[in-house]
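Visitor: I'd like to learn how to read this one. Can you walk me through it?

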There are 2 protein chains.
Amino acid sequence: MSTEELIKAKAKEIFFTKGHLHATTQDIADAAEVNRSLINYYFRSRDQLFQTVYREAVEDLKSQLDVVFYADIPFKEKVEQFIEVYMKELLRYPYRESFLITEICSNNFALKEKKKSEAMHHFLKDIEQASAQGIIKPCKPVHFLFNLFSLMALPVIMRPLYQKLLDINDLDYNQLINERKALILKLIFD
Amino acid sequence: MSTEELIKAKAKEIFFTKGHLHATTQDIADAAEVNRSLINYYFRSRDQLFQTVYREAVEDLKSQLDVVFYADIPFKEKVEQFIEVYMKELLRYPYRESFLITEICSNNFALKEKKKSEAMHHFLKDIEQASAQGIIKPCKPVHFLFNLFSLMALPVIMRPLYQKLLDINDLDYNQLINERKALILKLIFD
DNA sequence: AATTTTGTTGACATTTTTGTTAAACAATTA
DNA sequence: TAATTGTTTAACAAAAATGTCAACAAAATT
């Protein structure tokens, strides 16, 4: 892996996996075991590294989901696939979305780009159809999508807090999260 | 309101409402329209202000829920109350939990305190009972709790991202969120 | 009113973080 | 081999953020 790739990978690890949302360039350089100047050499500035990481995060997120959302398979299978893929992503990068939100909120660059997802709208139509066919309960497709994302993501994103409040150890929490794939499917379809 | 209270309130507004997770002490002072030195006067250091805000956030969160969780009312009503109260909190402070997570992940101080919630465990027992009585589908109480929190919180927390990806305007998104209270209740109990 | 206490301010010092540069080094090519 | 190009490094400069202090103002107490 090139130094440039390495730096990006480690930055993602720090932000998306570890959730160190206010990590410095030094932190990133340390994690990548490179001289901090290389961050400026390859990305010019801290801000541009952030932008690059941000952009790639959105891209990745979308392209991961695109594969599933455009797949030509029965609805229920598609949802299963979606859960499978997205959960895997979540466990790898629990705080990716949190990073995106924080950047969008914090200022500037993220707001300008228009990045609506074609694939998601495609999936929304699938949901509408499934709703019409009685495969799922009738409700606005967006809500079905919200429900899916919510049920998957929140327990992962809020893990440190919930572990504290509910006094659950690491092992048990992992177990709980693993149980959720099946549980969500059940909740959504029955 | 005393200056000390004002500073805390504005800090919370910046962190929890606006989601500016890397706001500086100057940002906070500006928002409160006070001299930055006053932050040091009242809180000694940036870190202590953060700790105070953090602690109060956990306290508030817990005491809000305690009222509901200990209430002596039928299960379904209790859940309705819970949704009502928590949604209201969410709309006021969408990023409070995100702040907590970021702080827990980033440093240190948050980890030491043991803050498990008695009230939540009480509610978990209610859920178990309701499950036994067939009021809700049988499943581990924690999952029921996860589901509730998830369905409420995620669309609020991820709002900026979902608005972008789904291309939804502010007004429509507000509408969607308002629809969810009823929708969640339906999903959970039917 | 005089005095003590508390609150507030701006200037400055310190620390932390980021950005720049020149020089060393390595790899490639002519 | 020499020259060119690309990569890495350490030292330094600049900027940003935090912390400290003495002076001043307001409020409370005597």
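**Reading the DNA surfaces and a helix pair**

Guide: Start at DNA strand C: α3(B) gives the largest share of the surface near that strand, three residues. Keep in mind that this is a predicted model.

Visitor: Which elements each supply at least two residues of the surface near DNA strand C?

Guide: From chain A, they are α2 (25-32), α3 and α4 (46-70), and from chain B, α3. There are 14 residues around the strand, and T24(A), S45(A), T3(B), N35(B) and S37(B) come nearest. By class, that surface has three nonpolar, nine polar and two charged residues.

Visitor: And which residues come nearest to DNA strand D?

Guide: Out of 14 around it, those are T3(A), N35(A), S37(A), T24(B) and S45(B). Two or more residues apiece come from α3 (37-43) of chain A and from α2 (25-32), α3 (37-43) and α4 (46-70) of chain B. Here α3(A) has the largest share, with three residues. Sorted by class, the surface near DNA strand D holds three nonpolar, nine polar and two charged residues.

Visitor: Now the helices. How do I read a packed pair?

Guide: You describe two packed helices by the angle between their axes and the distance between those axes. Take α4(A) and α8 (residues 118-132) of chain A: the angle is about 30° and the axes are 9 Å apart. Angles under 35 degrees count as roughly parallel, so α4(A) is roughly parallel to α8(A). Their crossing is left-handed.

Visitor: Which residues of α4(A) and α8(A) make the contact?

Guide: K62(A), L65(A), D66(A), F69(A) and Y70(A) from α4(A), with A119(A), M120(A), H122(A) and F123(A) from α8(A). Six of the contact residues are nonpolar, one is polar and two are charged.

Definitions and conventions
Residues numbered from 1 in each chain as written. Chains lettered and ligands numbered in written order. Predicted model: local features only at pLDDT ≥ 70, side-chain atom pairs only at ≥ 80, totals over all residues. Near = placed C-beta within 6 Å. Helix = DSSP H or I, 4+ residues; strand = E, 2+ residues; numbered from the N terminus. Nonpolar A, V, L, I, M, F, W, Y, C, P; charged D, E, K, R; others polar. Axes fitted to C-alpha atoms, helices over the stretch in contact; angles between N-to-C directions. Parallel < 35°, antiparallel > 145°, perpendicular 65-115°, else oblique. Left-handed = near helix turned anticlockwise from the far one by under 90°. Contact = placed C-beta atoms within 7 Å.
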